[in-house]
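Me: I'd like to learn how to read helix packing, cavities and unusual backbone spots in a model. Could you take me through them one at a time?

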Amino acid sequence: MDSHVVISDSKSTTVDHDLQADVLAEYDASTTSVVTRTEEALLEELGDADGLIVDAGVPVTARVLEASSLRVVGRAGIGVDNVDLEAAADEGVTVVHHPTYSLDEVATHALSLLLSGVRRIPRYDRSTRGGNWDWTEGAPIPRLQGSTLGFLGFGKIPRRLATMVQGFGCELIAFDPYVADDVVRSHNVEPVDFEDLLSAVDLLSIHAPLTEETAGLIDEHALETMDENVVLANTARGPVIETDALVAALEAEEIGFAALDVTEPEPLPSDHPLLELENALVTPHTAWYSEASRRQLSRGIAADVGRVLVGEDPHNEVTVESPWV
């Protein structure tokens, strides 16, 4: 084999390692599969590897990039906040990701979280399992039709979600400073500024990537600005929300419901208050997953890494620019 690729994720199950090994063999690349969660552990495993494939939980830092012989990093997913793109550019390392593999899955999961919050499904489920049969357990529940659904970020996934909800009778608004207003309106969604988004929404679906701009964007002020009955869903990145502020707002019933597929920290400790609150729902960063999307991700990212290693142009290179869209 001409090249060697380390396949590492933080859970060992995000990608199909055997499928990736088969794909990379077509590009004359051998593979090693490892589980790493820290910079130190990753450095120990890299050796003289030419390529690296990681999930969201593996930190590809400037130190990793500078100390290795990597030519390409494949981020098995959409977001690239765990890869130091500037350091990669400085070291001449190509970074690739897979921006389309789970659009339908994440949009569907976001919709499921929002509807679960609106209809208070977790609270009814817990109450019923506890021996109660009481429709008032989730009251008051507003009517979905006529409510305002807002999108924080309006890239590919929220655009798909906007299409899904067109028949629900909701007013749709979005804040995304990197998407032109006419593009937003072309999806029957009205562009607004950030403060107007917060003050208007009955439901808020978060789709912003994690950047310096978005870290902690949903803070105490943002939560105070939203309606006390708002349903908030996050399928983007946990640190976009200030966790302590969210817990405080939920405990004080200053917001209605939070449905989270991503959290800060991740995973949550077993005694974390978000896991105890009646007005919160947490899923384990699973919005991306279906069997079809996992196969598509595994095959697609391995092929793009292979293309770089044999001198071909990758299909989905990431460069140092805003990743909002």
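Reply: Gladly! One term to begin with: contact means heavy atoms within 4.5 Å. Keep in mind, too, that this is a predicted model.

Me: With that cut-off, which residues in α1 meet which residues in α12?

Reply: On the α1 side they are L19, Q20, V23 and L24. Their partners in α12 are R295, L297, S298, R299, I301, A302, A303, V305 and G306. Sorted by class, this contact has eight nonpolar, three polar and two charged residues.

Me: How is the geometry of such a pair described?

Reply: In general, two packed helices are described by the angle between their axes and the distance between the axes. Here, α1 (residues 17-25) and α12 (residues 291-309) pack at about 30 degrees, and their axes are 9 Å apart. Angles under 35 degrees count as roughly parallel, so α1 and α12 are roughly parallel to each other. Their crossing is right-handed.

Me: And at what angle do α5 and α7 pack?

Reply: Helix α5 (residues 103-118) and helix α7 (residues 156-164) meet at an angle of about 60 degrees, with 8 Å between their axes. These two helices are therefore oblique to each other. The crossing of α5 and α7 is right-handed.

Me: Which residues make up the contact of α5 with α7?

Reply: From α5 come L103, D104, V106, A107, T108, A110, L111 and L114. From α7 come K156, I157, R160, L161 and M164. The class count for this contact is nine nonpolar, one polar and three charged residues.

Me: Let's turn to enclosed space. How many cavities of 30 Å³ or more does the structure hold?

Reply: There are two. The second largest has a volume of about 40 Å³, and α5 comes up again, giving the largest share of its lining, three residues. The lining consists of L111, L114, L115, L144, L149, V165, F168, C170 and L203. By class, that makes nine nonpolar, no polar and no charged residues. Note that L111 and L114 also belong to the α5 contact with α7.

Me: What lines the largest cavity?

Reply: Its lining residues are N234, G238, I241, T243, L246, L260, V262, T263, E264, L268 and L274, around about 60 Å³ of space. This lining divides into six nonpolar, four polar and one charged residues.

Me: E264 is in that lining. What is the peptide bond from E264 to P265, cis or trans?

Reply: The bond is cis, with omega near 5 degrees. P265 sits in the loop between β11 (257-260) and β12 (280-282). The peptide bond from A139 to P140 is cis as well, with omega near 0 degrees. P140 is in the loop between α6 (121-129) and β6 (148-152).

Me: Where else do A139 and P140 appear, and which residues line the second largest pocket?

Reply: Both A139 and P140 are in the lining of that pocket, together with R120, R123, G138, E228, N229, E253, I255, G256, F257 and N279. The pocket's volume is about 230 Å³. Its lining has four nonpolar, four polar and four charged residues.

Me: What is phi of R120, positive or negative?

Reply: Positive: phi of R120 is near 55 degrees, in a residue other than glycine. You can find R120 in the loop between α5 and α6. R120 thus joins two topics, as a residue with positive phi and as part of the lining of the second largest pocket.

Note on methods: Residues numbered from 1 in each chain as written. Predicted model: local features only at pLDDT ≥ 70, side-chain atom pairs only at ≥ 80, totals over all residues. Heavy atoms only, no water. Axes fitted to C-alpha atoms, helices over the stretch in contact; angles between N-to-C directions. Helix = DSSP H or I, 4+ residues; strand = E, 2+ residues; numbered from the N terminus. Parallel < 35°, antiparallel > 145°, perpendicular 65-115°, else oblique. Left-handed = near helix turned anticlockwise from the far one by under 90°. Nonpolar A, V, L, I, M, F, W, Y, C, P; charged D, E, K, R; others polar. 1 Å grid on protein atoms, 1.4 Å probe; cavity = no way out; pocket = protein on both sides within 12 Å on 5 of 7 lines; lining within 4 Å. Points joined across faces, edges and corners; volume = space filled by probe spheres on them.
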